[in-house]
Amino acid sequence: MLIEHLPPESATMTALRNAAPPADLDAQAEGADPSRGRWSQTDLLLAQAIDAVNRLSHYYALVNTSGGKKPAPPAPVPRPGVPRTPDRPRITPAAADTLFKIINGTPAPPP
């Protein structure tokens, strides 16, 4: 029971994987989704570092893009047990203009 909770990179888990017959490894690999497996603290920290570098690269691209289409923000590295959030709906230009007018004290147009 205690062996099941060892980190995947532990010497015991590595020895168990190395001793497993190829047929067992093939059966486990079939249909496996690595993003749903257990992650170590190091894996989670690495995913955070990757996300930070991707965000900084995106900001750099935004600052240095003149005219044309701006690059889309990067998707975060999928983490096990964390569902991907759907894209938020964007405000239309007309709605943004109305909101801007309301914020600046201009009465909103009738619906």
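His58 is a good place to start, and it sits in helix 3, which covers residues 41-63. Helices here are DSSP runs of H or I with at least four residues, strands are runs of E with at least two, and both are numbered from the N terminus. His58 is buried, with a relative accessible area of 11%; buried means under 20%, exposed means over 50%, and partly exposed lies in between, using a 1.4 Å probe and protein chains only. Leaving aside neighbours within four places in sequence, His58 is in contact with Pro71, Ala72, Pro73 and Pro74, where contact means heavy atoms within 4.5 Å.

A word on what you are looking at: this is a predicted model, in which local features need pLDDT of at least 70 and side-chain atom pairs count only at pLDDT 80 or more, while totals for chains, interfaces and linings use all residues. Residues are numbered from 1 along each chain as its sequence is written, and side-chain values use heavy atoms, with hydrogens and water left out. The pLDDT itself is the predictor's confidence in each residue, from 0 to 100. Its mean over the protein is 81, and 83% of the residues reach 70 or more. Among the elements, helix 3 has the highest mean pLDDT, 92, and helix 2 the lowest, 78.

Now step back to the whole chain. The protein has four helices and zero strands, so from the N terminus on the order of these DSSP runs reads α-α-α-α. Of the 111 residues, 6% are buried. Among contacts with a separation of 6 or more, 50% join residues 24 or more positions apart. The accessible surface comes to about 9,500 Å², and carbon and sulfur atoms hold 64% of that; such areas come from the Shrake-Rupley method with a 1.4 Å probe, and for residues only the protein chains shown count as cover.

Let us walk along from the start. Ser10 belongs to the segment before helix 1 (11-19), and at 14% relative accessibility Ser10 is buried. A polar atom of the Ser10 side chain lies 3.2 Å from the backbone nitrogen of Met13.

Next comes helix 2, residues 22-29. Zero of its eight residues are buried, so helix 2 lies largely in the open. Just after helix 2, Gly31 takes a positive phi of about 75 degrees.

Our last stop is helix 4, residues 93-103, which includes Ile103. Ile103 is exposed, at 64% relative accessible area. Together with Ile91 and Leu99, Ile103 makes a nonpolar surface patch of about 320 Å². Patches are made of residues with over 30% relative accessible area and no salt bridge; like charges are joined within 9 Å, and nonpolar side chains (Val, Leu, Ile, Met, Phe, Trp, Tyr) within 5 Å.

Helix 4 also holds Lys101 and Asp97, whose side chains meet in a salt bridge at 3.4 Å, N to O. A salt bridge is a side-chain nitrogen of Lys or Arg within 4 Å of a carboxyl oxygen of Asp or Glu, and the count by this rule is one. Because Lys101 and Asp97 are four residues apart in helix 4, about one helical turn separates them. Lys101 is partly exposed, with a relative accessible area of 36%, and Asp97 is partly exposed too, at 39%.

Key:
Polar contact = N/O pair within 3.5 Å; in protein donor to acceptor, adjacent residues only side chain to side chain.
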